[in-house]
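Here is a report on charged pairs, strand pairing and one helix. Have the sequence and the coordinates at hand.

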Amino acid sequence: MSGRSPSVSEHHPIGPSRLRRVELCPGSVAMCRHAEERGLAVEDQAEAAAEGTRLHALLPPDRPLEGLTSEQASAVNDARRYIEERLRSEDGPLYELRLPVCRTDGSELLFGTVDVVSLLEGNPHIVDIKFGRGALTRLTVERQMRAYAMGALQRWPEASYCLVYVYQPREGLEFADVYPRDQMPGLITEAERIVARAEVAGA
């Protein structure tokens, strides 16, 4: 299982990392789309996103940490250490795996790309790294964690649970939760409700 999956660079307009924001403000999807169409962006946010993309690409341990500041290299090395400690398996971890989340009728609801996933005794264990500054809270990442678990349990139907870790190396923060398969119907229904409200708000 080791290596790098065929990954995509695009983001779903209501992907896992955006679910919490969309839940709080369903109209934000349409607002962001209109802003992107007009070439509008907040400079600081754009710079942070570009740095995050660059550092995430260096998570596989065989990639040289060239052109980084000492602080950036330290953050990446900390993230690598965390991944190695949490995802020990014979096959090794898989990086940048695209995970669709499907509706109860089987159609695709949304998709996301997990940073790293490994199967341990047939159950997916996921690590999501947050390179941003400013302490996160469980509330800000919980929807994303649930979405990743939904996608993983749909991809591996024999798994009985999914364990999701979120780690923020610059703040030393960790969040973790186990999602048993029997929770999935309720979580999918919740996600369908969030997406439906956003679609109505953007119509």
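Arg 138 is partly exposed, at 31% relative accessible area. This value, like the others here, comes from a predicted model. The salt-bridge partner of Arg 138 is Asp 177, and the closest N and O atoms are 3.5 Å apart. The two residues sit in distant parts of the chain: Arg 138 in helix α5 (residues 138–155), Asp 177 in strand β6 (residues 173–180), with their positions 39 residues apart in the numbering. Asp 177 is also partly exposed, at 27% relative accessibility.

**Salt bridges between α5 and α6**

Arg 143 is buried, because its relative accessible area of 12% falls under the 20% cut-off. Arg 143 forms a salt bridge with Glu 190, with 2.7 Å between the closest N and O atoms. Arg 143 belongs to α5 and Glu 190 to helix α6 (residues 184–201), so this pair ties together parts that are 47 residues apart in sequence. Glu 190 counts as partly exposed, at 27% relative accessibility.

Glu 190 also meets the side chain of Arg 146 in a salt bridge, at 3.2 Å from N to O. That pair again links distant parts of the chain, with Glu 190 in α6 and Arg 146 in α5, 44 residues apart. Elsewhere, salt bridges with shared partners join Asp 78, Arg 81, Glu 85, Arg 86 and Glu 174 into one network. The structure holds 14 salt bridges. Three of them are tabulated here.

| Pair | Closest N to O distance |
|---|---|
| Arg 138 and Asp 177 | 3.5 Å |
| Arg 143 and Glu 190 | 2.7 Å |
| Glu 190 and Arg 146 | 3.2 Å |

**Helix α5**

How far does α5 reach from its first C-alpha to its last? The span is 25 Å for 18 residues, close to the 26 Å expected at 1.5 Å a residue. The buried residues of α5 include the charged Glu 142 and Arg 143. Also among them are Val 141, Met 145, Tyr 148, Met 150 and Leu 153. Gln 144 and Gly 151 are buried as well, as are Ala 147, Ala 149 and Ala 152.

**Strands β2, β3 and β4**

Why is strand β3 (residues 108–120) described as largely enclosed by the rest of the structure? The reason is burial, because 10 of its 13 residues are buried.

β3 pairs with strand β2 (residues 94–102) through eight bridges, and the two run antiparallel. Leu 99 has Gly 112 in β3 as its bridge partner. Five residues lie between the strands in the hairpin of β2 and β3, where Gly 106 takes a positive phi near 95 degrees.

β3 also pairs with strand β4 (residues 123–129). Five bridges join these strands, which run antiparallel. Val 116 has Val 127 in β4 as its bridge partner. In this hairpin, two residues lie between the strands, and Glu 121 takes a positive phi near 55 degrees.

**Cysteines**

How many disulfides does the model contain? The count is zero. A disulfide is a covalent bond between the sulfur atoms of two cysteines. Cys 102 is partly exposed, with a relative accessible area of 23%. Cys 162 is buried, at 0% relative accessibility.

Conventions
Residues numbered from 1 in each chain as written. Predicted model: local features only at pLDDT ≥ 70, side-chain atom pairs only at ≥ 80, totals over all residues. Heavy atoms only, no water. Buried < 20%, exposed > 50% of the residue type's maximum accessible area, 1.4 Å probe, protein only. Helix = DSSP H or I, 4+ residues; strand = E, 2+ residues; numbered from the N terminus. Pairing = 2+ DSSP bridges. Salt bridge = Lys/Arg side-chain N within 4 Å of Asp/Glu carboxyl O. Disulfide = S-S within 2.5 Å. Expected span 1.5 Å × (residues − 1).
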